[in-house]
Amino acid sequence: MKRRLSEQQEFEIMKIVLDKFLWLGFGIMAFGLYQMYSVGIQIGLSWMIAGAVILLIFTWIIVKEYEIIR
């Protein structure tokens, strides 16, 4: 028998998961900034773009899951 989560419990779990996406995206972008400084602009920029893509996925999940109206 499966237990169903309340809407509040589901929201709390989703916040935890999406918070990890946020930290991952900003961490990758910070690493890209470091790479731009130490190695070269092209390599660092590719890391920055990867971090931005993760943050865009984060935004897409939030809009899709919680039907935020613009």
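How much accessible surface does the protein have, and what percentage of this surface belongs to carbon and sulfur atoms? In this predicted model, the accessible surface comes to about 6,100 Å², and carbon and sulfur atoms account for 69% of that area. The fold contains two helices and zero strands, and buried residues make up 17% of the 70 residues in the protein. The radius of gyration is 16 Å, whereas a value near 11 Å would apply to a compact globule of 70 residues. Taken along the principal axes, the box filled by the C-alpha atoms has dimensions of roughly 55 × 30 × 15 Å. With respect to charge, the protein carries 7 positive and 6 negative side chains, and a distance of 5 Å lies between the centres of the two sets.

The first element to be described is helix α1, which covers residues 7-38. This helix has 32 residues, and the distance from its first C-alpha to its last is 46 Å, close to the 46 Å expected at 1.5 Å a residue. The second element is helix α2, which covers residues 41-66. Contacts across the chain were considered for residues at least 6 apart in sequence, and of these contacts 54% join residues that are at least 24 apart.

The buried residues of α1 are Met14, Leu18, Gly25, Ile28, Gly32 and Gln35. An α-helix has 3.6 residues a turn, so residues three or four places apart point the same way. One of the buried residues, Gln35, has a relative accessible area of 11%, and it therefore counts as buried because this value is under the 20% limit. When neighbours within four places in sequence are left aside, the contacts of Gln35 are with Gly40, Ile43, Gly44 and Trp47.

Ile28, also placed in helix α1, is buried as well, with a relative accessible area of 16%. Not counting residues up to four places away in sequence, Ile28 touches Trp47, Ala50, Gly51 and Ile54. Two C-alpha distances further describe the position of Ile28: Met48, which is 20 residues away in sequence, lies 6.7 Å away in space, while Ala52, which is 24 residues away in sequence, lies 8.6 Å away. Ala52 itself is placed in helix α2, where it is partly exposed, with a relative accessible area of 32%.

Met29, which follows in the description of helix α1, is partly exposed rather than buried, because its relative accessible area of 22% falls between the limits of 20% and 50%. With neighbours within four places in sequence left aside, Met29 is in contact with Met48, Gly51, Ala52 and Leu55. Gly51 thus appears among the contacts of Met29 and also among those of Ile28. The pair formed by Met29 and Ile62 is separated by 33 residues in sequence, and the corresponding distance in space is 20 Å, C-alpha to C-alpha.

Is Gln42, a residue of helix α2, buried or exposed in the model? Gln42 counts as exposed because its relative accessibility of 72% is over the 50% limit. Gln42 and Gly32 are ten residues apart along the chain, and their C-alpha atoms are separated by 9.6 Å. Gly32, by contrast with the exposed Gln42, belongs to the buried residues of α1.

Terms used. Residues numbered from 1 in each chain as written. Predicted model: local features only at pLDDT ≥ 70, side-chain atom pairs only at ≥ 80, totals over all residues. Heavy atoms only, no water. Helix = DSSP H or I, 4+ residues; strand = E, 2+ residues; numbered from the N terminus. Rg over C-alpha atoms; globule rule 2.2 N^0.38 Å. Buried < 20%, exposed > 50% of the residue type's maximum accessible area, 1.4 Å probe, protein only. Contact = heavy atoms within 4.5 Å. Areas by Shrake-Rupley, 256 points an atom, 1.4 Å probe, with all protein chains shown as cover. Lys, Arg positive; Asp, Glu negative; His and termini not counted. Charge placed at Lys NZ, Arg CZ, Asp CG, Glu CD. Expected span 1.5 Å × (residues − 1).
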